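Colleague: I'd like to go through this model with you, helix by helix. Can you put it up, and start with how you count things?

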Amino acid sequence: MASALVPSPSPGPTVGRFPIAGLVRRARRIKGLGQRQMARFARVSPSTVGKVEAGSMTPSLAVLERLLATAGLYLTVVDQEGRVIQPMADREDVHDGAGRRYPSHRATPADRPGLLLNTR
């Protein structure tokens, strides 16, 4: 019975369905915008904003980024401890001799600077 009185700790970030409708509504209200104003700034139709906020439409990542940007917000990735995960650098020196990108699952010479390459 005592455990019912003690609040459970926050589970932290979750994986799965995200409350996109609520996030877009919150972003719009942070800036005090109407749906039409948000739509104009995000370069989408007012009906798109309405559908996203109603939860009847899931926007593309590009549209979601533009909608959130109207309030000065942006998307980020965090791990379970809340640390921001930085993207891997897009480097020009990760191409083979024929100009192709190395596959992303393979280590490249740039990843292992001490690696000696077979130059046959």
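Modeller: Sure: a contact here means heavy atoms within 4.5 Å. This is a predicted model, so to speak of local features we ask for pLDDT of at least 70, side-chain atom pairs count only at pLDDT 80 or more, and totals for chains, interfaces and linings use all residues. Residues are numbered from 1 along each chain as its sequence is written, and side-chain values use heavy atoms, with hydrogens and water left out.

Colleague: What share of the contacts with a separation of 6 or more comes from residues 24 or more positions apart?

Modeller: Take the contacts in the protein with a separation of 6 or more. Residues 24 or more positions apart account for 39%.

Colleague: And how many helices and strands does the protein have?

Modeller: Helices (H or I, at least four residues) and strands (E, at least two) are DSSP runs, numbered from the N terminus. The order of elements from that end is α-α-α-α-α. That gives zero strands and five helices.

Colleague: How much of the protein counts as buried?

Modeller: Buried is under 20% relative accessible area, exposed is over 50%, and partly exposed is in between, with a 1.4 Å probe and protein chains only. The accessible surface, by the Shrake-Rupley method with a 1.4 Å probe and only the protein chains shown as cover for residues, is about 9800 Å², 56% of it on carbon and sulfur atoms. Of the 120 residues, the buried part is 20%.

Colleague: Let's zoom in on α2. Which residues sit on the face turned away from its buried side?

Modeller: Helix α2 spans residues 20-30, and its buried residues are Ile 20, Ala 21, Val 24, Ala 27 and Arg 28. Down the axis they fall within an arc of 130° (taken from the directions from the helix axis to the C-beta atoms), so they line one face of the helix. Their cover includes α3 (35-42), α4 (46-54) and α5 (61-69). On the face turned away are the exposed residues Arg 26 and Arg 29.

Colleague: An arginine on the buried list caught my eye. Which residue does Arg 28 meet in a salt bridge?

Modeller: A salt bridge is a side-chain nitrogen of Lys or Arg within 4 Å of a carboxyl oxygen of Asp or Glu. Arg 28 is buried at 11% relative accessible area, and its N-to-O distance in the bridge is 2.6 Å. The partner is Glu 53.

Colleague: How far apart in sequence are the parts that this pair, Arg 28 and Glu 53, ties together?

Modeller: Glu 53 is buried too, with a relative accessible area of 7%. Besides Arg 28, Glu 53 touches residues including Ala 21, Val 24 and Gln 35. Arg 28 lies in helix α2 and Glu 53 in helix α4, so the parts tied together are 25 residues apart.

Colleague: Which residues are joined into one salt-bridge network?

Modeller: The count by this rule is three salt bridges. Arg 83 bridges to Asp 79 at 2.8 Å between the closest N and O atoms, and Asp 79 is buried at 17% relative accessibility. Arg 83 also meets Glu 81 at 3.0 Å, N to O, and Glu 81 is exposed at 58%. Through shared partners, the network joins Asp 79, Glu 81 and Arg 83.

Colleague: On to the nonpolar core. Which helix supplies the largest share of it?

Modeller: A nonpolar core is a set of buried Ala, Val, Leu, Ile, Met, Phe, Trp, Tyr and Cys residues joined through side-chain atoms within 4.5 Å. The largest one has 15 residues, of which Val 24, Met 38, Val 44, Val 49 and Leu 67 touch the most other members. Each of α2, α3, α4 and α5 gives at least two residues. The largest share, four residues, comes from α5.

Colleague: Last one, the loop between α3 and α4. Is Val 44 buried or exposed there?

Modeller: Its loop companion Arg 43 has a positive phi near 60° despite not being glycine, and is exposed at 62% relative accessibility. Val 44, in that loop between α3 and α4, touches Ala 39, Val 49, Val 63, Arg 66 and Leu 67, leaving out residues up to four places away in sequence. With 16% relative accessibility, Val 44 is buried.
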